[in-house]
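Reader: I've got a fold loaded with a ligand in it, and I'd like to learn how to read its pockets. Can you walk me through it?

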Amino acid sequence: MLIGLVGKPSSGKSSFLNAACMTTAKVGNYPFTTIEPNPGTAYVTAECPCKQLNVQCNPKNSLCVNGTRLIPINLLDVAGLVPGAWEGKGLGNKFLDDLRRADALINVVDAAGATDAEGQNVPPGTWDPLKDVEFLDHEIIMWLMQIIRRDWRKFTRRIETEKISFIETMADRLSGLSITRTHIISAVKKSNLNAEKPSSWSEKDIERFTKELQAIAKPMLIVANKMDLGPAKENIARMQKTLEKIVVPACALGEYWLRRYAEKGIIVYQPGDNKFEVLKPEVFSEKELKVLDNLKQLLSEYGSLGVQKAINVTVFELLDLIPVYPVHDVQSYSDKDGRVLPDVYLVKRGMPLRKFAGKIHTDFEKYFIHGINARTKKRLGESYELQYGDIIKIVSAK
Ligand SMILES: Nc1nc2c(ncn2[C@@H]2O[C@H](COP(=O)(O)OP(=O)(O)OP(=O)(O)O)[C@@H](O)[C@H]2O)c(=O)[nH]1
Ligand SMILES: [Mg+2]
């Protein structure tokens with residue numbers, strides 16, 4: 001699971017990564033601070049079933065903090081994109097190519113309008129962040145379309161004369177981009193095009209197909225960052241009203257400092273909380289205390305500093321994934337070694353049980369007999385559609 005952090009230079013992508021993953025990627029108030037991509041591990045948070053079941057869990061592939069399960073996912077912070085990046089402008093295509101494996105994208109926008117298209121500082125409020133959303137959509141579409149329509153005439157002629165499947169051939173072409181057959185089938189259907197005769201598709205048709213495919217295979221969330229700066233509030237309201245995408249207001253810088261202070265034990269704060277408590281006011285300077293006051297105000301106004309929320313919304317809403325807990329023993333909810341609720345998988349909502357079994361082990365899918373819902377102890381058939389928080393035992397013949 002990989003989420004790519006994209007956006008124009010200086011919007012706060014590396015700051016977001018650092019806040020989400022406690023990494024130390026270089027941050028700077030000038031464009032192209034980041035050149036090589038920075039990876040990080042962030043955590044999606046979900047209520048751990050241990051709370052409800054009143055058991056002591058012993059996680060293996062994740063963590064549990066006070067009844068909140070932390071499920072690791074990968075983030076990748078890439079270099080800033082400038083208009084024309086898809087055709088090589090700025091640092092160009094390389095950085096789009098770094099995003100090939102991404103399952104979803106977060107467009108980090110400078111919602112305060114304090115930087116122009118190239119990421120140069122301008123007085124806050126003088127740049128319209130809506131333009132940043134529009135341009136980034138365009139860049140991603142153009143980049144993807146460039147790959148899709150490569151040698152289009154030759155490509156479509158081959159499909160039609162040799163009577164080979166458009167879906168399979170396109171899936172081969174896009175396989176390095178984490179785009180699957182299922183994604184392509186859905187995009188063809190949604191754009192109402194004839195996959196038997198792609199040679200009849202117009203430029204506009206190819207563009208429509210590309211847009212549908214992007215929305216399905218690389219959905220995008222907007223993070224309206226720098227909400228602490230003056231003009232951001234009005235811009236955020238406008239973005240939330242006008243854009244069809246989910247917009248999460250954030251203050252990456254503030255979130256980073258709160259997590260750092262919490263790590264040092266000088267404040268009490270859990271990522272995503274709507275409040276924090278200062279334990280040792282004496283270690284902060286007057287200036288820092290003022291910043292903390294501002295953050296308190298932002299927390300009460302927006303409900304969170306947005307970083308954790310953006311990650312959770314991307315995984316649970318945009319990608320529509322759910323946490324599922326496989327176990328070996330349905331009485332104790334444990335694995336073979338007696339570890340209680342050891343693992344959690346993020347899977348597509350409604351995934352059929354047998355397919356899920358294959359995610360744990362290919363033999364489980366191959367020799368599948370049935371499943372058991374560990375909460376109700378009821379038997380489940382192979383086509384049972386997984387639901388949020390399911391705890392499941394797979395019974396197989398091997
Ligand atoms: N006020 C404020 N400034 C922020 C926030 N997030 C980032 N910044 C500042 O914005 C500037 C750019 O931050 P970076 O994280 O380096 O931005 P980037 O998008 O990674 O930039 P490039 O790597 O150059 O593309 C830095 O001066 C940060 O301190 C925020 O939430 N509030
Ligand atoms: Mg950066």
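Author: Sure. Keep in mind that this is a predicted model. Let's begin with the largest pocket, which has a volume of about 850 Å³. Its lining is made of 24 residues, and those closest to its centre are His183, Leu319, Leu321, Lys348 and Met351.

Reader: Which helices and strands supply at least two residues each to the lining of the largest pocket?

Author: That's a handy way to tie a pocket to the fold. Here you'd look at α7 (181-190), α8 (203-217), β11 (345-348) and α13 (353-360). Strand β11 has the largest share of that lining, with 4 residues.

Reader: And how does the lining of the largest pocket split by class?

Author: For this, you sort the residues into nonpolar, polar and charged. The largest pocket has 13 nonpolar, 6 polar and 5 charged residues in its lining.

Reader: OK, on to the ligand. Which pocket does ligand 1 sit in?

Author: Ligand 1 sits in the second largest pocket, whose volume is about 670 Å³. This pocket is lined by 38 residues, with Gly12, Ser15, Val27, Lys226 and Leu253 closest to its centre. Helices α1, α10 and α11 (286-302) each bring at least two residues to the lining, and α11 has the largest share, 6 residues. By class, you get 17 nonpolar, 15 polar and 6 charged.

Reader: How many residues surround ligand 1 itself?

Author: Here you switch from the pocket to the shell around the molecule. There are 23 residues around ligand 1, and the closest are Lys13, Ser15, Thr33, Thr34 and Asp228. They divide into 9 nonpolar, 11 polar and 3 charged. Both α1 (13-21) and α10 (252-264) supply at least two residues of this shell; α1 gives the most, with 3 residues.

Reader: Which polar side-chain or backbone atoms should I check against ligand 1?

Author: The idea is to look for pairs of N or O atoms within 3.5 Å. Try lysine 13 to start: one of its polar side-chain atoms is 2.6 Å from an oxygen atom of ligand 1. With phenylalanine 32, a polar backbone atom is the partner, 2.8 Å from a ligand oxygen. Then there's asparagine 225, where a polar side-chain atom lies 3.2 Å from a nitrogen atom of ligand 1.

Reader: Last one: how much of ligand 1 does the protein bury?

Author: You take the area the ligand exposes when alone, then see what the protein covers. Ligand 1 exposes 650 Å² by itself, and 91% of that is buried by the protein.

How values were computed. Residues are numbered from 1 along each chain as its sequence is written. Chains are lettered from A and ligands numbered from 1 in the order in which they are written. This is a predicted model: local features need pLDDT of at least 70, side-chain atom pairs count only at pLDDT 80 or more; totals for chains, interfaces and linings use all residues. Side-chain values use heavy atoms; hydrogens and water are left out. A residue is near a molecule or strand if one of its heavy atoms lies within 4 Å of it. A polar contact is a pair of N or O atoms within 3.5 Å; within protein, one must be able to donate a hydrogen and the other to accept it, and residues adjacent in sequence count only if both atoms are side-chain atoms. Accessible areas come from the Shrake-Rupley method with a 1.4 Å probe; for residues, only the protein chains shown count as cover. On a 1 Å grid over the protein atoms alone, a cavity is a set of points where a 1.4 Å probe fits but cannot get out, and a pocket is an open set with protein on both sides within 12 Å along at least five of seven lines; lining residues have an atom within 4 Å of a point. A molecule sits in a cavity or pocket if more than half of its atoms lie within 2 Å of its grid points. Ala, Val, Leu, Ile, Met, Phe, Trp, Tyr, Cys and Pro count as nonpolar, Asp, Glu, Lys and Arg as charged, and the others, Gly among them, as polar. Grid points are joined across faces, edges and corners, and a volume is the space filled by probe spheres set on the points.
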